[in-house]
Structures are given as C-alpha cells and as structure tokens.
Amino acid sequence: MKDLISIIDVKKHIGETVKIGAWVADKSGKGKLQFLQLRDGTAFFQAVVFKPNMIEKYGEEIGVAKFDAIKHLSQETSVYVTGVVKEDVRSKFGYELDVTDLEVIGTSQDYPITPKEHGVEFLLDNRHLWLRSKRQMAIMQIRNAIIYASYDFFAKNGFIKFDSPILSGNAAENTTELFETDYFGNPAFLSQSGQLYLEAGAMALGRVFDFGPVFRAEKSKTRRHLTEFWMMDAEYPFVTHDESLDIQEAYVKALLQGVLDNAAYALETLERDTSLLQKYIDTPFMRVSYDDAIDLLQAHEHDEDTDYEHVEHGDDFGSPHETWLSNFYGVPTFVINYPASFKAFYMRPVPGNPERVLCADLLAPEGYGEIIGGSERETDYDLLLQKIADFGLDPADYEWYLELRKFGSVPHAGFGLGLERMVTFAAGTEHIREAIPFPRMINRIKP
C-alpha cells in the first residue's frame, strides 16, 4: 500500500487498497453496516464499514470491538481510514471506500455545528469551524482557483507584482471610509487601495499589479460589503481607457476559465450553472455609457418586473439599478464615463466634457453588482493639484503622487477587482461574507 492519498485522487486508485487521513463529517448506519461521510479538505465521500468483513479480518473479538468503536465515532473525529476504492454510480462523487481498517487520531466531543439548519449569524460567529462544511470548502476552493488564475494571467501578460503598503498616510478615495490608527504618535490609515502606489510602480516597471488586504470603514452587514477584503489592483502605462477595458475583460474571463478548469468539483458541490459561466467567457462584455444607462433605466422604470427607484442624470446607481442593468444585457456590463461629482479625484475627464470622467464599473449579472472599478488617470500636474484641493484633501499629503506628473508623465490606466465579490459571482452564492475566510473574527477582539 502506498502513502496517504487525498480523497479527490481516489479515482486514480480504483480497486486498490489506500489509506486516507480525514475527518468524520457525518455518520449513519444500521445492523451490520456503517456509512461514514469523510472529508479531507479536497472533497467529501462515503466510506462503508461491513461488520462481517471486520470479523473475517481480525477475528470475532477484535472485529466486533473495531466495528463498535466505528459505530460510536462522533462528528469531526479525525481518523486514518484504510480500504479498497470502488466506483459508486449512485453518488455524485462517483466513488466510495470499502473500509478494512480505521484508526482514531483525535476525538471530538459536542461539536457545535451539527447536520441541521443553523442561522447565518451563529455560523459566522463559529466561522473557524463552519469552514469545515461542504459548502464553505467549495467556496474556498473557488477562491483559491481565482487567486491562482490571477497570478497566471498577469505572468502571461507581462505584469510584475508590486506590493503596496498596508499602512498609508493618505486616502486613495473617500476619506470618510478610512480606518485611522496611531503610528508612533502620528496618524496613519489602513489602506483602501494600492492604486496610488502602483502608479509609481508603473512609471518604474511598466505593467504592475498587487494583491492584498484593504479596508473600508463602512457598514458591512450587507450581501455586498465587507470592512476587510482582498483587492487586486493593476496599473499600466501607455494605455488608453478603451485598451484598459480590453485588459479587464480578458482578465475576468481568465478568472472564470480558471474556476471551470481547476474547481469543477467545487462548482458541482454548489450546483453552480456552469453553462452561464461559459456563456460569460464566450460572449463579449457589454459597454454602455452612464448617460445611456440612465436613459435606459428611466425608459423601463414603470415596467412590471422592475423594482428600482427613479434615477436622474447625475445620480449614482444603487444596487437595484446595477442588478437590472446587468440582467438586461445578460452578460458582465461595463458602465463607462460616470459623473466626476462622485468619482475619485485622480480620474481623467472625458475630453470635451469635464463633467464626466474616463472610468468604468464592471457589473456582474445575476445580481452580483460591481466587481471591478477602473479609470484612466489624470496626467496633468496642475489639473490634478486642483482636483486634490477641490476634494478637500491636503496637497502636502500627495506631494509624492503629484511628482509622478512632473517627471515624464504618460497616459496610464488601471483597475481594481474585489476578490470576494468575484468569488461570490463565480460560485453563485448569496452572501459575500462566505467568500472571505474570517469575516467576523473581529467580534472576538475584546476592549
């Protein structure tokens, strides 16, 4: 017999005797049979224990004792299980294990998350254990596939990873969303985005990206918001706004393809409609201007199936507006050239129309909302300085950022993708808090 194998690899060992390290997720049985639902982080599958087989192998006394011990295994007991892999056409997984031996590694008593319905708040408070469930395992596998696909995409497209700081002395976007902390007697802020630093990197290294945690001091008990999440930011010189949209579309399609290629079991576990994901890969994304989107929303606001409020030119969209727009087109949709009044200070105005900026939000269909925000950046020193003042920011805090416009400024653009929103979209799940490993551990910090 070979060394330990993973459950996901049992298909390579049909008819062989294998040994697996696993946890008992659930158990059932009657009479001479016990059915163990095993998990090891790669997959779940069933192991079958037949009492006569245990007696035949170990003799009456030892065989009966082993079977009785297996019969009384508790949920989340860790075990080494040895057995013969067999095909099982009745299960979705397709294989099961006929157990020949089982060794308990670590016992488990009174596990709080039982195979029954629990409220989401209870599960989030027990997130460290909830991660062991079949659904949460699948979501984390999809998250991993997206991260892997991100690095693969950027490596193939000439990007260098350029890490930006977590502690910052200024705001990238909205100062009201900053978490402030004391940095040896001076104020510092948890990063909202690595974008400003990436612009410096792009002027030195060309195409750059970063991938790490960012923070927003905003309400997070919604299905779309988190106070701490992971952001992928990318920046590139000598690129126009339209060329940037091409890169963003290719990137999202690469992420979806990566999930289809590397997380098929997870998608099946979540019963995700993979034909929709394939459609999003095969179909060009829509591009609609902000003003055309407003006109479209106004034209349909009295339709029977709409549930969004009236919106005027100059207003920002709410979630219902974004949902309707992306569902109207049926594919991920770029809304471009928003009003400058509610977008970030660094965005370049649309030529000939200073009330609009060269930016885009990518809206995912099926109600998942914005997954990417991006723009072409302002390159003129004086105009950027004026925008900083207009936003009520201190130019001294942005002196280094302004200097990027003094020494060889070039057209450049970039975007940021929220990892958890992308995971939620790809997985087809309902709540963003399932897409981050530990969204509620802050509750355990005592003052």
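**Exercise 1. A salt bridge at Arg348**

How does Arg348 count at 29% relative accessibility: buried, partly exposed or exposed? Classify the residue, then describe its salt-bridge partner and the placement of the pair in the chain.

*Solution.* The structure is a predicted model.

Step 1. Buried means under 20% relative accessible area and exposed means over 50%. Arg348, with 29% relative accessibility, therefore counts as partly exposed.

Step 2. The side chain of Arg348 meets that of Glu376 in a salt bridge, at 2.9 Å from N to O. Arg348 belongs to the loop between S13 and strand S14 (349–350), whereas Glu376 belongs to strand S17, so the pair ties together parts that lie 28 residues apart in sequence.

Step 3. Glu376 has a relative accessible area of 5% and is therefore buried.

**Exercise 2. Two further salt bridges**

Locate and classify the partners in the salt bridges Glu76 with Arg132 and Glu366 with Arg272.

*Solution.*

Step 1. The side chains of Glu76 and Arg132 form a salt bridge of 2.9 Å, N to O. This pair links distant parts of the chain: Glu76 is in the loop between helix H2 (60–71) and strand S4 (78–87), and Arg132 is in the loop between helix H4 (127–130) and H5, 56 residues apart.

Step 2. With a relative accessible area of 6%, Glu76 is buried; Arg132, with 30%, is partly exposed.

Step 3. The side chains of Glu366 and Arg272 also meet in a salt bridge, again given as 2.9 Å, N to O. Here too the pair links distant parts of the chain: Glu366 sits in the loop between strand S16 (359–364) and strand S17 (369–376), and Arg272 in the loop between helix H8 (264–269) and helix H9 (274–282), 94 residues apart.

Step 4. Glu366 counts as partly exposed at 29% relative accessibility, and Arg272 counts as buried at 10%.

Step 5. For the wider setting, the count of salt bridges comes to 21. Asp246, Glu249, Lys253 and Arg287 are linked in a network of such bridges.

**Exercise 3. An open sheet and a surface patch**

Determine the strand order of the sheet that contains S7, S8 and S9, and describe the nonpolar patch that includes Phe184.

*Solution.*

Step 1. The three strands form an open sheet in the order S7-S9-S8, with antiparallel pairing. Strand S7 (167–168) and strand S8 (180–183) are at the edges with a single partner strand each, so one side of each has no neighbour in the sheet.

Step 2. S8 is joined to strand S9 (residues 186–190) by four bridges, and the two run antiparallel. Asp182 stands opposite Pro187 in S9.

Step 3. Phe184 lies in the loop between S8 and S9. Its relative accessible area is 76%, so Phe184 is exposed.

Step 4. Leu167, Tyr183 and Phe184 make a nonpolar surface patch of about 370 Å².

**Exercise 4. The surroundings of strand S10**

State how strand S10 is covered, and identify the sense in which S10 pairs with S6 and with S11.

*Solution.*

Step 1. Seven of the eight residues of strand S10 (residues 208–215) are buried, and the strand is mostly covered.

Step 2. Strand S6 (residues 160–161) pairs with S10 in the parallel sense over two bridges. Ile160 stands opposite Val208 in S10.

Step 3. With strand S11 (residues 228–237), S10 pairs in the antiparallel sense over eight bridges. Phe209 stands opposite Ala234 in S11.

**Exercise 5. Burial in two helices**

Which contacts does Ser150 make, leaving aside its neighbours within four places in sequence? Then explain why the buried residues of H10 line one face of the helix.

*Solution.*

Step 1. Ser150 is part of helix H5 (residues 134–156). Its relative accessible area is 0%, so Ser150 is buried.

Step 2. With those sequence neighbours set aside, Ser150 is in contact with Phe211, Tyr251 and Leu255.

Step 3. In helix H10 (residues 290–300), the buried residues are Tyr290, Ala293, Ile294, Leu296 and Leu297. Viewed down the axis of H10, these residues fall within an arc of 165°, so they line one face of the helix. In an α-helix there are 3.6 residues a turn, so residues three or four places apart point the same way.

Step 4. The buried residues of H10 pack against strand S12 (286–289), helix H11 (319–329), strand S13 (333–336) and strand S15 (353–357).

Notes: Residues are numbered from 1 along each chain as its sequence is written. This is a predicted model: local features need pLDDT of at least 70, side-chain atom pairs count only at pLDDT 80 or more; totals for chains, interfaces and linings use all residues. Side-chain values use heavy atoms; hydrogens and water are left out. Buried means under 20% relative accessible area, exposed over 50%, partly exposed in between (1.4 Å probe, protein chains only). Contact means heavy atoms within 4.5 Å. Two strands pair if DSSP finds at least two bridges between them. The arc is that of the directions from the helix axis to the C-beta atoms. Patches are made of residues with over 30% relative accessible area and no salt bridge: like charges are joined within 9 Å, nonpolar side chains (Val, Leu, Ile, Met, Phe, Trp, Tyr) within 5 Å. Accessible areas come from the Shrake-Rupley method with a 1.4 Å probe; for residues, only the protein chains shown count as cover. A salt bridge is a side-chain nitrogen of Lys or Arg within 4 Å of a carboxyl oxygen of Asp or Glu.
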